Amino acid sequence: VYKQVLGNPHVMDSERLITAESQLCDRSMSVRDFVRAVGKSDFYRSRYFEKLSPYRLVELNFMHILGRPPESQAEASEHIRCMALQGFDAAIDSLVDSAEYSENFGENIVPFNRGSRTENGLSQVTYNRSFAVDRGPDQVSSSVKA
């Protein structure tokens, strides 16, 4: 979950969500709720929300949580609007609570990059954008392109 949601950085012990990890291990928290906790964490917020342009933040939110980039400018704009009106936490909730998340990952599957696979309902543009946003397993998602 850390690798997928945080964009592949090394997580120091002091940055780990110890309480949430403990709840995940004793099964009082689902993987889905752990993804939500990591997405709303101070680490994620400081690394992405506070440093990136809104559009790049949205690209990475979608890639980290739904496993794909935004399908269109309209979808990205709606997510930016949600952040502006309701806040960052609500924008994360909108992705984690979406029907798309439920259909693809349910309660206990760690999100993964779906953009490089062909799927019914995803446009060719989404497939192409996946490669522009996700630069492979050696990347560390950030404001600076590799």
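**Salt bridges and burial in a predicted model**

Author: In this predicted model, Glu59 is buried, with a relative accessible area of 16%.

Reader: Why is Glu59 called buried?

Author: Buried means under 20% relative accessible area. The value for Glu59 is 16%, so Glu59 is buried.

Reader: What makes the pair of Arg56 and Glu59 a salt bridge?

Author: Their side chains meet at 3.2 Å, N to O. A salt bridge requires a side-chain nitrogen of Lys or Arg within 4 Å of a carboxyl oxygen of Asp or Glu, so the pair qualifies. Both residues lie in helix α5, three residues apart, about one turn of the helix. Arg56, at 12% relative accessibility, also counts as buried.

Reader: Which residues are joined into one network by salt bridges that share partners?

Author: The network consists of Asp33, Arg36, Lys40, Asp93 and Asp97. Within helix α3, Asp33 and Arg36 have their closest N and O atoms 3.4 Å apart.

Reader: Why is Asp33 called partly exposed?

Author: Partly exposed lies between the limits of 20% and 50%. Asp33 has 32% relative accessibility and therefore belongs to that class, whereas Arg36, at 16%, counts as buried.

Reader: Why does the salt bridge of Arg32 and Glu107 tie together parts that are 75 residues apart in sequence?

Author: Arg32 lies in helix α3, while Glu107 lies in the loop between α8 and α9, so the pair links these parts. The closest N and O atoms of this pair are 2.9 Å apart. Arg32 is buried at 8% relative accessibility, but Glu107 is partly exposed at 38%.

How values were computed. Residues numbered from 1 in each chain as written. Predicted model: local features only at pLDDT ≥ 70, side-chain atom pairs only at ≥ 80, totals over all residues. Heavy atoms only, no water. Helix = DSSP H or I, 4+ residues; strand = E, 2+ residues; numbered from the N terminus. Buried < 20%, exposed > 50% of the residue type's maximum accessible area, 1.4 Å probe, protein only.
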